[in-house]
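Thanks for coming. I have one structure to go through today, and I will start with its charged pairs. Here it is on the screen.

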Amino acid sequence: MEGQLPPKKAGTKPKERLFRGVRMRKWGKWVAEIREPNKRSRIWLGSYCTPVAAAKAYDTALFYLRGRAARLNFPDDVSVYDAGSGADIGMPAALIRKKAVEVGAKVDALQLRSASVFSSRSQEYRRRKEEKRYKNPDLNQEPTPESSDDEWSSGLQ
């Protein structure tokens, strides 16, 4: 028994964080917030449908608070932010929140639009597959009450 790890409880999930400053609510929304430097208060950055949008909002706020030295979730996207760093200017929390929410909302809208396009394409594929299946029914089987007359007459043509 020595040197063994305790058994894992059934039904518990390991808490893994996808991005810094982002967490998931019980009901599935993703939220972002950041602590103000040298203060105990936090800046609420919003609630989003996707974790990427929340992470981008966090990155925006962090960039304006800490400047180019910030450890971002998406360091390659630094060019998206303004050339001047907010750490030098001393931006108020309300303005940082506003800019972060704008970025998060844009990303959320783009993520949801691309997801809906993919979803509608897969639904269209399933619908066509169903149509194809019913276009050529098995004429050796007797019709069931669930099948419609149109379905069987189209197979006879």
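Before the pairs, one definition: I call it a salt bridge when a side-chain nitrogen of Lys or Arg lies within 4 Å of a carboxyl oxygen of Asp or Glu. Please keep in mind that this is a predicted model.

With that rule, E33 and R42 form a salt bridge, with the closest N and O atoms 3.4 Å apart. E33 also meets the side chain of R23 in a salt bridge, again given as 3.4 Å from N to O. R23 sits in strand β1, residues 22–24, and E33 in strand β2, residues 30–35, so this pair ties together parts that are 10 residues apart in sequence. Taken together, R23, E33 and R42 are linked in a network of salt bridges. As for exposure, R23 is partly exposed at 32% relative accessibility, and R42 is partly exposed too, with a relative accessible area of 46%.

How many salt bridges does the rule give in total? The count is 3. Besides the two pairs that involve E33, there is one between the side chains of E36 and K39, at 3.6 Å from N to O. Here E36 counts as buried, at 16% relative accessibility, whereas K39 counts as partly exposed, at 49%. The general background is simple: side chains of opposite charge can pair when their charged atoms come close.

Now the overall layout. The chain has 4 helices and 3 strands, and from the N terminus the order of elements is β-β-β-α-α-α-α. There are 157 residues in the chain, of which 29% count as buried. Among the contacts with a separation of 6 or more, 39% come from residues 24 or more positions apart.

Next, the sheet. Its 3 strands make an open sheet in the order β1-β2-β3, with antiparallel pairing. The edges are β1 and β3, each with a single partner strand, so one side of each has no neighbour in the sheet. On average, and ignoring direction, neighbouring strands are turned by 25° against each other.

Let me take the pairing of β2 with β3, where β3 covers residues 42–48. These two strands are antiparallel and joined over 6 bridges. I34 has I43 as its bridge partner in β3. R35 stands opposite R42 in β3, and that is the R42 from the salt-bridge network with R23 and E33. The hairpin of β2 and β3 has 6 residues between the strands, and in it N38 takes a positive phi near 60°.

That brings me to the nonpolar core. Which residues touch the most other members of the largest one? They are I34, L45 and I96, in a core of 23 residues. The elements giving two or more residues to this core are β2, β3, α1 (51–66) and α3 (93–135). The largest share is that of α1, with 9 residues. If we set aside residues up to four places away in sequence, I34 touches R42, I43, L45, Y58, A61, L62 and L65.

So what does α1 look like? The helix lies across β1, β2 and β3, and runs at about 15° to β2. Is α1 largely enclosed or left open by the rest of the structure? Of its 16 residues, 14 are buried, so α1 is largely enclosed. The length of α1 is as expected: at 1.5 Å a residue, 16 residues should span 22 Å, and the end C-alpha atoms are 22 Å apart. After α1 comes G67, which has a positive phi near 80°.

One last residue, F19, which lies in the segment before β1. F19 is buried, with a relative accessible area of 17%; the cut-off for buried is under 20%. Where does F19 make its contacts, leaving aside neighbours within four places in sequence? The partners are P51, V52, A55, N73 and F74. F19 and Y58 are 39 residues apart in sequence, while their C-alpha atoms are 9.2 Å apart in space. Y58 has already come up, as one of the residues that I34 touches.

To close, back to the charged pairs: E33 bridges to R42 and to R23, and the remaining pair is E36 with K39. I am happy to go back to any of these on the screen.

Terms used
Residues numbered from 1 in each chain as written. Predicted model: local features only at pLDDT ≥ 70, side-chain atom pairs only at ≥ 80, totals over all residues. Heavy atoms only, no water. Buried < 20%, exposed > 50% of the residue type's maximum accessible area, 1.4 Å probe, protein only. Pairing = 2+ DSSP bridges. Core = buried A, V, L, I, M, F, W, Y, C linked by side-chain atoms within 4.5 Å. Contact = heavy atoms within 4.5 Å. Expected span 1.5 Å × (residues − 1). Axes fitted to C-alpha atoms, helices over the stretch in contact; angles between N-to-C directions.
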